[in-house]
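Biologist: I would like a close look at one part of this model. Please take the charged pairs and go through where each partner sits and how exposed the side chains are, then move on to whatever borders on that part.

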Amino acid sequence: AARGELPEAEAKREALALLEALRYENDEYVWVNDLEPRMVMHPFKPELDGKALGDYQDPDGKRLFVAFVEAVKGAPEGGYVDYRWPMPGSDTPVPKISFVKLHAPWGWIVGSGLYLDDVEAAVRGQLVQLGVFTVVVAFLRGGGASLVLRAVRGQVRALRAETRRLADAGARGELSARAS
């Protein structure tokens, strides 16, 4: 549309169709609202499309769509907003953090977020892997130290035995007899 290859209305329809189908990390998605705020497109809650959402609140009373507008005003790089929203296929809101960015030519706020339950599950999985790795390394280090300790003890015993043998031989006069 900016290059004049498509009428703006057609470019918007095509952009929305692409964004509506976009998925990453299983069910993560992209939505679009405008600065009013009015929902332009939500792939999992199409009943919101076209609705004014200035008074829409999460269970904690946060006016999240107003927060999206505030996050992008004066911030060309976009911003983050935390709130509660249901996962796809659920009606129960859970903690979520989203990144929103303004596409100024069309007045669209494009956003996507991560459910903190998913992040916590990934962190727990990484912690379990780290814990297993730590136990394995500690076991190997402990086993390696044990092997070295056994080898040193064996050398010390051999040295003691040789020292005793030499001391006993010296006491019996064997050393002086050998020396002559």
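Modeller: Arginine 38 is partly exposed, as its relative accessible area is 29%. Its salt-bridge partner is glutamate 36, and the closest N and O atoms of the two are 2.8 Å apart. The model is a predicted one, and it holds five salt bridges. In general, side chains of opposite charge can pair when their charged atoms come close.

Two of the other bridges involve strand β3, which spans residues 79–86. One joins aspartate 60 to arginine 84, with 3.2 Å between the closest N and O atoms. This pair links distant parts of the chain: aspartate 60 is in the loop between β2 (39–41) and α2, arginine 84 is in strand β3, and the two are 24 residues apart. Aspartate 60 has 57% relative accessibility and therefore counts as exposed, the cut-off being over 50%. Arginine 84, at 27%, counts as partly exposed.

The other joins lysine 62 to aspartate 82, where the closest N and O atoms are 3.5 Å apart. Lysine 62 lies in the loop between β2 and α2 and aspartate 82 in strand β3, so this bridge ties together parts that are 20 residues apart in sequence. Both partners are partly exposed: lysine 62 at 29% relative accessibility, and aspartate 82 with a relative accessible area of 47%.

Strand β3 also contains tyrosine 80, which counts as exposed at 62% relative accessibility. Tyr80 helps make a nonpolar surface patch of about 440 Å², together with Tyr24, Ile97, Leu114 and Leu116.

Tyr83 and Trp85 belong to an aromatic cluster that also includes Trp31, Tyr56, Phe65 and Phe68. Over the face of tryptophan 85 lies lysine 45, at 5.8 Å from the ring centre. The whole structure has nine aromatic pairs. In the pair of tryptophan 31 and phenylalanine 68, the ring centres are 5.1 Å apart and the planes are at 40 degrees, so the pair is tilted. Tryptophan 31 is in strand β1 (residues 30–34) and phenylalanine 68 in helix α2 (residues 64–72), so the contact ties together parts 37 residues apart in sequence. Both rings belong to buried residues: tryptophan 31 has a relative accessible area of 2%, and phenylalanine 68 has 1%.

Between α2 and β3 runs a loop that holds glycine 74. Glycine 74 is exposed, at 82% relative accessibility, and its C-alpha is 9.8 Å from that of leucine 102, a residue 28 positions away in sequence.

Methods
Residues numbered from 1 in each chain as written. Predicted model: local features only at pLDDT ≥ 70, side-chain atom pairs only at ≥ 80, totals over all residues. Heavy atoms only, no water. Phe/Tyr/Trp six-rings, centres within 6.5 Å; stacked < 30°, edge-to-face > 60°. Helix = DSSP H or I, 4+ residues; strand = E, 2+ residues; numbered from the N terminus. Buried < 20%, exposed > 50% of the residue type's maximum accessible area, 1.4 Å probe, protein only. Lys NZ or Arg CZ within 6 Å of the ring centre and 35° of its normal. Patch = residues over 30% accessible without salt bridge, like charges linked within 9 Å, V, L, I, M, F, W, Y side chains within 5 Å. Areas by Shrake-Rupley, 256 points an atom, 1.4 Å probe, with all protein chains shown as cover. Salt bridge = Lys/Arg side-chain N within 4 Å of Asp/Glu carboxyl O.
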